[in-house]
Amino acid sequence: MAQYSCVSGSVGLITLKNPPVNALSAAVRHGIVDTVKRALSEPKVKSVVICGQNGIFCGGADIREFASDMSGPPLVPMIHAIEAANKPVVAAIEGSALGGGLELALGCHYRIAHSKAKLGLPEVTLGLLPAAGGTQRLPRLIGVPAALNLITTGRHVTAAEALQLGVVDQVTDQNTVDAAVKFALSVAGQSLDARRISTYPCPRPSDLDALFDGVMQKVRQSARGAIAPVACVQAVRAAATLPYTQGMEREKELMATLFTSGQARALQYCFFAQRAVGRWSMPSGARWDTSKPRPVHKAAVIGLGTMGRGIAVALAQTGLSVVAVETQEKQLMEAKQAVSGMLERGAKRRGVAPALDGISYSGNIQAVADADLVIEAVFEDMTLKEKIFQQLSAVCKPGTFLCTNTSALDVDHLASQTRNPELVVGMHFFAPAHVMKLLEVVYGTRSSPQAVATAMQLGKKMGKVSVAVGNCRGFVGNRMLKPYLEQAFFLLEEGATPELVDRALEEFGFAMGVFRVSDLSGLDVGWKVRKGDGLAEPEMATGQSARIRQGRRYSPLGDLLCEQGRYGQKTGQGWYQYDKPGGRVARSDPWLHSFLEEYRARHGLVARRIDQQEVLERCLYVLINEGFHILEDGIAAGPEDIDVIYVFGYGWPRHRGGPMFYASMVGLAKVLERLEHYHQAHPDVPYMQPCNLLRRLVASGSPPIQRWREVIKKLHSQL
Ligand SMILES: CC(C)(COP(=O)(O)OP(=O)(O)OC[C@H]1O[C@@H](n2cnc3c(N)ncnc32)[C@H](O)[C@@H]1OP(=O)(O)O)[C@@H](O)C(=O)NCCC(=O)NCCSC(=O)/C=C/CCCCCCCCCCCCC(=O)O
């Protein structure tokens, strides 16, 4: 709703009230329409201020309403009526003015922002465009290039940048509403002719076609199939080329196609999923709102390889005091230099001083004795990790949380090496750890809720999207990745090429296909894991047994490449060839194609034509099937957790909502039918056997994803 009062004798003050972000729900829109009418009709009122309660102007349209019948006064005429008012209307912007919130402010005649406010038109991130006049008013106000940048990226700008761009008229450090009221008093009675943005001519850049072609090309390249950024460019082009009313028609038309699109649904789902994972729970019943984190002032990192360095940087950047330990002297020296460089570059980018003094280095594990939390980040070697956890348990002060950055190993086993297993959790970062947003917080059977709460809070402080998951081999992300990678190898055996598989996945929206990612991260990483699992034994690589290991189909292709020293980019050869070791540009490799032909001939395999549809179905549906197993096993609390992990950690295209959301969009019955089909064709691939939970969901009428938790709960209660 909106509250009305008259202040300072002649200013009508309208306060938006819809906690927590004053979203423009139907009730708020009704409130605005009514209070604006009242302010304009009261003779004593000479000017109007619109503000939001609790220090936030407005977070935009109410996203939850998009899924239902939109009733109540529409935004466009409401904002138009404000702009057309014959009394000056001033927006007092505190906190955020985003989306429809900023569009409302653009309808006002003046905008005054607090210095800490953030402004933006983030609709594109929700699969939409600013359809309350934003695409038509903003270019008229700040010019086409700047408007294109804000609207196609959805980025939030600071008040200082907004002032520089001309989005706001004044920035204040004082009470914004008081400043706006004072300003409103000063402009009462003045002409508004020059203050109605919709009447401004849109500045027309001389190189209009070149400008729009360039932006469109950039947007298409980075958006990888996302439709909203393209529509945003088209809408701004309408502002630059058409009169305002026709531009508004075009904005409406483009919005209509986006509004009901699957991409908009996926992106809005992601918005809420990202927030839902913060409300974590454990099978014991412990929850985010009943578990109190302990403050962490001093953190330590053990092992300064690539992961450890990134984690140390991320910790130092949050302002913590960090102890970085590496027992190998040469590695320690190199790490010191590398970490300082990373901190300096990061600080330069963010325009702050580097937190170089926040980190101390040591070659001795004793140095972590007074840390509140330690993150072990040594090689994926259980024997080494066991030893470190034993040492940590002896060295650290009582109550220190002991975390492991393992990407797959057993957290319970590591906890059993310590005197206080309740203090042990996994903190699985993704490389590069100071850049990637995802953090899997892995609770073991004995992890205390406080340990989980502390790791989750620390993740949040580090700017990560943290997801609490249970303990199993590979946790959520890597466990699902295994069948996906395996299918990619099988497809090569059956006749596909790395190029074909990667193209299918990249056209689906992944930034990189599976083979290009494998070349980037190093083929030897998976080889080492397979060797550890007793799968990649060289003597097994001949004869029939080469393709059946541990009773199931196995492809030794990756192992064979590693045996040839083809580790990917770092050696200049992998699934592709590169111009030199460390080269980045993947080129098709004739050697690899001959190698695949020879391999097939050796194993009596006849190459067949494989299309992109089969690549997608086989790679993605086995990954999704494993996701259902993860839900069934209670390793992830809900589909949102899995989807957030895949979007933030594995490059799953956000506009497809994550694997479980994608399955719900494809239709669970279809996913089930295709898995059954492929399982029949490949009975030696157990991953293809459809999960019981998937069958259950289909049998219960394929409920929407928001209702899967009920089915899972029922399933668990019956076990
Ligand atoms: C920065 C924030 C505002 C605050 O951040 P923070 O303090 O960290 O808090 P959060 O945890 O993020 O959020 C707190 C809770 O609030 C919920 N929330 C936040 N914003 C919204 C919102 N806009 N709507 C609903 N709920 C919101 C959030 O989910 C949290 O609750 P919970 O934990 O999930 O329970 C930050 O929140 C933020 O960034 N918010 C989003 C800002 C944003 O993206 N705004 C843009 C919204 S879209 C918009 O404004 C669009 C405008 C134009 C619309 C025009 C409509 C016309 C419709 C025409 C249709 C025509 C089609 C016809 C088709 C046909 O023919 O049928």
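Start with helices α3 and α4, which lie oblique to each other. Select residues 100-107 for α3 and residues 134-142 for α4. This is a predicted model. The two helices pack at an angle of about 55 degrees, and their axes are 10 Å apart. That angle falls outside the ranges for roughly parallel, antiparallel or perpendicular, so the pair counts as oblique. Look along the pair: α3 passes α4 in a left-handed crossing.

Now show side chains at the contact. From α3, pick Glu103, Leu106 and Gly107. Opposite them in α4 are Gly134, Arg137, Leu138 and Leu141. Colour by type: 3 of these contact residues are nonpolar, 2 polar and 2 charged.

Next, select Val501, Trp575, Leu620 and Phe628. In the largest nonpolar core, of 102 residues, these four touch the most other members. Add helix α23, residues 612-632. This helix gives the core its largest share, 10 residues.

Zoom in on Leu620. Which residues does Leu620 touch, not counting those up to four places away in sequence? The partners are Tyr484, Leu505, Phe508, Phe510, Val615, Trp652 and Tyr662.

Then move to another core, which lies apart from the largest one and has 73 residues. Ile32, Ile63, Leu129 and Met255 are among its members.

Last stop: Asp589, in the loop between α21 (557-563) and α22 (590-602). Is Asp589 buried or exposed? Its relative accessible area is 4%, under the 20% cut-off, so Asp589 is buried. Display its contacts beyond four places in sequence: Glu499, Arg566, Tyr576 and Gln577.

Technical notes
Residues are numbered from 1 along each chain as its sequence is written. This is a predicted model: local features need pLDDT of at least 70, side-chain atom pairs count only at pLDDT 80 or more; totals for chains, interfaces and linings use all residues. Side-chain values use heavy atoms; hydrogens and water are left out. Axes are lines fitted to C-alpha atoms, for helices over the stretch in contact, and angles run from 0 to 180 degrees between N-to-C directions. Helices (H or I, at least four residues) and strands (E, at least two) are DSSP runs, numbered from the N terminus. Angles under 35 degrees count as roughly parallel, over 145 as roughly antiparallel, 65 to 115 as roughly perpendicular and the rest as oblique. A crossing is left-handed if the near helix is turned anticlockwise from the far one by less than a right angle, and right-handed if clockwise. Contact means heavy atoms within 4.5 Å. Ala, Val, Leu, Ile, Met, Phe, Trp, Tyr, Cys and Pro count as nonpolar, Asp, Glu, Lys and Arg as charged, and the others, Gly among them, as polar. A nonpolar core is a set of buried Ala, Val, Leu, Ile, Met, Phe, Trp, Tyr and Cys residues joined through side-chain atoms within 4.5 Å. Buried means under 20% relative accessible area, exposed over 50%, partly exposed in between (1.4 Å probe, protein chains only).
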